[in-house]
Amino acid sequence: MLLKFLFKPREPQVALSEDIRLRYLGPADASAFRDHIHELHFEDFRDRFNGLVSDEWLDKYIARSLNEAIVIGAFADDHLVAVAELHTGGRIEPGQGESAFSVASDWRHKGLGTMLLKALLRAASENDISTIIVMTGSQNHAMKALARRFGAKMQFAGDQSVGRINVADGLRLAGRKLKSRDFALPPPVVGEAPAISGSLI
């Protein structure tokens, strides 16, 4: 399952708007990913990692994520402003993926989290992942609200909130939201697998 993702074509990139585009991230994007994390304000950094972490730990985490997980970045021009991750394997049950999101502090509340979650749902579906696990600090109200929009029922687990999104249900909800906003969707590129499907944008 993981290899199917790793060898997926990374082009074309899909424009979400005049200013934002999404694409998969790989090991070559480690520096941009690190810069993005370091640009988070203190509270947002704490929410992302449920506390503080060292630079050494962060570098190892980024390397592991870019080599082993599905990672999607949102770019404003060439600047990485948001990242969604989907981790599988290890203690995570087969068919499930654990998500993580970070949005640059100055780009919060602009819809990037919604865009990335829709893209992550499609990536999960294409990689035989039926459930996305959302774990976030109990104080991260924005992340909890986003997960609920796509069907998650958030529950407390210690100092965290945990919810599960059924991928098929989440995709149906994403489709309804798109229809209600009457987006003009680009047609699929024949003969090429787009990095992020136009049907989710």
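## Exercises on a predicted model

Histidine 109 is exposed, with a relative accessible area of 73%. Keep that residue in mind as you work through the exercises below. The structure is a predicted model.

### Exercise 1: Two residues with positive phi

Task: Find where histidine 109 and aspartate 128 lie, and state whether aspartate 128 is buried or exposed.

Solution:
- Start with histidine 109, which sits in the loop between β5 and α5. Its phi is positive, about 65°, although histidine 109 is not a glycine.
- Move on to aspartate 128, found in the loop between α5 and β6 (131-137). Here phi is near 60°, again a positive value in a residue other than glycine.
- Now check accessibility. Aspartate 128 has a value of 53%, so this residue counts as exposed.

### Exercise 2: Salt bridges

Task: Of the eight salt bridges in the model, take the one between aspartate 44 and arginine 108 and work out which parts of the chain it links.

Solution:
- The closest N and O atoms of aspartate 44 and arginine 108 are 3.6 Å apart, and the cut-off for a salt bridge is 4 Å.
- Aspartate 44 belongs to helix α3 (residues 42-49), while arginine 108 is in the loop between β5 (96-103) and α5 (112-126). The two are 64 residues apart, so the pair links distant parts of the chain.
- Buried means under 20% relative accessible area. Aspartate 44, at 13%, therefore counts as buried, whereas arginine 108, at 26%, counts as partly exposed.

Task: Why does the pair of glutamate 85 and arginine 48 tie together parts that are apart in sequence?

Solution:
- The side chains of glutamate 85 and arginine 48 meet in a salt bridge with an N to O distance of 2.9 Å.
- Glutamate 85 lies in strand β4 (residues 79-87) and arginine 48 in helix α3, so the bridge joins parts 37 residues apart in sequence.
- Both glutamate 85 and arginine 48 are buried.

Task: In which element do arginine 172 and aspartate 169 lie?

Solution:
- Both are in helix α7 (residues 167-181), three residues apart, about one turn of the helix.
- Their closest N and O atoms are 2.2 Å apart, in a salt bridge.
- Arginine 172 is partly exposed at 47% relative accessibility, and aspartate 169 is partly exposed at 36%.

### Exercise 3: The nonpolar cores

Task: Which element gives the largest share of the largest nonpolar core?

Solution:
- The largest nonpolar core has 34 residues, and Ile72, Ala74, Leu116, Ile132 and Ile165 have the most contacts inside it.
- Elements that give two or more residues to this core include β2 (20-24), β3 (70-76), α5 and α6 (141-149).
- The largest share, eight residues, comes from α5.
- For a closer look, take isoleucine 165: leaving aside neighbours within four places in sequence, its contacts include Leu117, Leu121, Ile132 and Phe150.
- A second, separate core has 17 residues, among them Tyr61, Ile62, Leu66 and Ala69.

### Exercise 4: The largest pocket

Task: Describe the residues that line the largest pocket.

Solution:
- The space in this pocket is about 1000 Å³.
- Its lining has 43 residues, and Arg48, Ser99, Ala100, Phe101 and Met135 lie nearest the centre.
- Sorted by kind, the lining has 17 nonpolar, 16 polar and ten charged residues.
- Strand β5 supplies the largest share of the lining, six residues. Among the elements that each supply at least two residues are α3 and α4 (55-68).
- Arg48 appears here again: arginine 48 also forms the salt bridge with glutamate 85.

Methods. Residues numbered from 1 in each chain as written. Predicted model: local features only at pLDDT ≥ 70, side-chain atom pairs only at ≥ 80, totals over all residues. Heavy atoms only, no water. Helix = DSSP H or I, 4+ residues; strand = E, 2+ residues; numbered from the N terminus. Buried < 20%, exposed > 50% of the residue type's maximum accessible area, 1.4 Å probe, protein only. Core = buried A, V, L, I, M, F, W, Y, C linked by side-chain atoms within 4.5 Å. Contact = heavy atoms within 4.5 Å. 1 Å grid on protein atoms, 1.4 Å probe; cavity = no way out; pocket = protein on both sides within 12 Å on 5 of 7 lines; lining within 4 Å. Points joined across faces, edges and corners; volume = space filled by probe spheres on them. Nonpolar A, V, L, I, M, F, W, Y, C, P; charged D, E, K, R; others polar.
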